[in-house]
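Me: I would like to learn how to read the empty spaces in a protein model. Please take me through one case.

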Amino acid sequence: MEDGLSSFWGPVTSTDWCEKNYVYSSYIAEFFNTISNVPGILLALIGLVNALRQRFEKRFSVLHISNMILAIGSMIYHSTLQHVQQQGDETPMVWEMLLYFYILYSPDWHYRSTMPTFLFFYGALYAVVHALFRFGFGFKVHYIILCLLCIPRMYKYYIYTKDVSAKRLAKLYVATLLLASICWLSDRVFCKEISHWHFNPQGHALWHILMGFNSYFANTFLMFCRAQQREWNPKVVYFLGVFPYVKIQKPKSQ
């Protein structure tokens, strides 16, 4: 939206969201859209510490780190509103979905090296193409397709999981995803109307916060399911009585 203070980063060259630019600082274009990524970073850090402390497979440490990188990239993008930084936000989103795809489908994949090799080169090729060509709508369609490909497997994990606490994580994942999508669409579709309000509900910032929790719930649920597959006797417990995480008990041989 329209600028407030003078811009340190120059004219806007990326997608502009429904928040007035440079209101609080010349160095931060969209203040709320920038700081709203902080909860996602902290939640990913909690997940990473748990994955390392209990010696989960490296894929989960990489997953939590990718969540952090994505949130940091989003902060850089919204603080500058530059096209290059937007690409630096969007490309990790695709990489992250490829990682989710691997975690969801690899346990039943008989040729262990083929899937990660294919996904690696696919992600690298996408990064190159996305850097050379600007396709905003194409990116959204591509990202939605990757998300849809993961849903059947998530549903399979849900129906095969009998633990009530784990199922609650899956339900929280769905609920936060739906709420976040409503916030994103409202901010995008009704921006003209919102710009005339005395109060901006900051729908895109709410999207960031909710998606931070969404990723955390998804990661924790997947860690539980993987621990079940490995027969690590997983349980969902709560840090400070609020944040759920998976506690495992590996056999002595492992």
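Reply: Start with an enclosed space. In this predicted model, the largest cavity is lined by Arg 59, Phe 60, Ile 103, Pro 107, Tyr 157, Leu 222, Arg 226 and Gln 229.

Me: How is such a space found, and what volume does the largest cavity have?

Reply: Rolling a probe the size of a water molecule over the atoms shows where empty space is left. Here the largest cavity holds about 40 Å³.

Me: Which element gives the most to the lining of the largest cavity?

Reply: That is α9, with three residues. Both α3 and α9 supply at least two residues each. Sorted by class, the lining has five nonpolar, one polar and two charged residues.

Me: How many cavities of 30 Å³ or more are there?

Reply: The count is two. The second largest cavity also has a volume of about 40 Å³. Its lining consists of Gly 40, Leu 43, Ala 44, His 64, Asn 67, Gly 212, Ser 215, Tyr 216 and Asn 219. α9 contributes the largest share, four residues, while α2 (38-53), α3 and α9 each give at least two. By class there are three nonpolar, six polar and no charged residues.

Me: Now the pockets. What volume does the largest pocket have, and which residues are closest to its centre?

Reply: A pocket is open, whereas a probe in a cavity cannot get out. The largest pocket contains about 1100 Å³ of space. It is lined by 41 residues, and Met 93, Tyr 143, Cys 147, Trp 207 and Met 211 are the closest to its centre. Two or more lining residues come from each of α3 (58-80), α4 (83-105), α6 (136-160), α7 (164-189) and α9 (203-229). The classes are 24 nonpolar, 13 polar and four charged residues.

Me: What about the second largest pocket: which residues are closest to its centre?

Reply: This pocket has a volume of about 420 Å³. Among its 14 lining residues, Val 62, Trp 95, Glu 96, Leu 98 and Leu 99 are the closest to the centre. α4 supplies the largest share, six residues, and α3, α4 and α5 (114-132) each supply at least two. The lining has eleven nonpolar, two polar and one charged residues.

Me: Which residues does UniProt list as "transmembrane region"?

Reply: An annotation can be set beside the model. The unreviewed UniProt entry lists residues 31-49, 61-81, 93-111, 118-137, 143-160, 172-190 and 205-225 under that name. In the model, residues 61-81 are 95% helix and 0% strand, with end C-alpha atoms 30 Å apart. Residues 118-137 are 85% helix and 0% strand, and their end C-alpha atoms lie 25 Å apart.

Notes
Residues are numbered from 1 along each chain as its sequence is written. This is a predicted model: local features need pLDDT of at least 70, side-chain atom pairs count only at pLDDT 80 or more; totals for chains, interfaces and linings use all residues. Side-chain values use heavy atoms; hydrogens and water are left out. UniProt positions are given in the numbering used here, feature names are shortened, and annotations may be inferred rather than shown by experiment. On a 1 Å grid over the protein atoms alone, a cavity is a set of points where a 1.4 Å probe fits but cannot get out, and a pocket is an open set with protein on both sides within 12 Å along at least five of seven lines; lining residues have an atom within 4 Å of a point. Grid points are joined across faces, edges and corners, and a volume is the space filled by probe spheres set on the points. Ala, Val, Leu, Ile, Met, Phe, Trp, Tyr, Cys and Pro count as nonpolar, Asp, Glu, Lys and Arg as charged, and the others, Gly among them, as polar.
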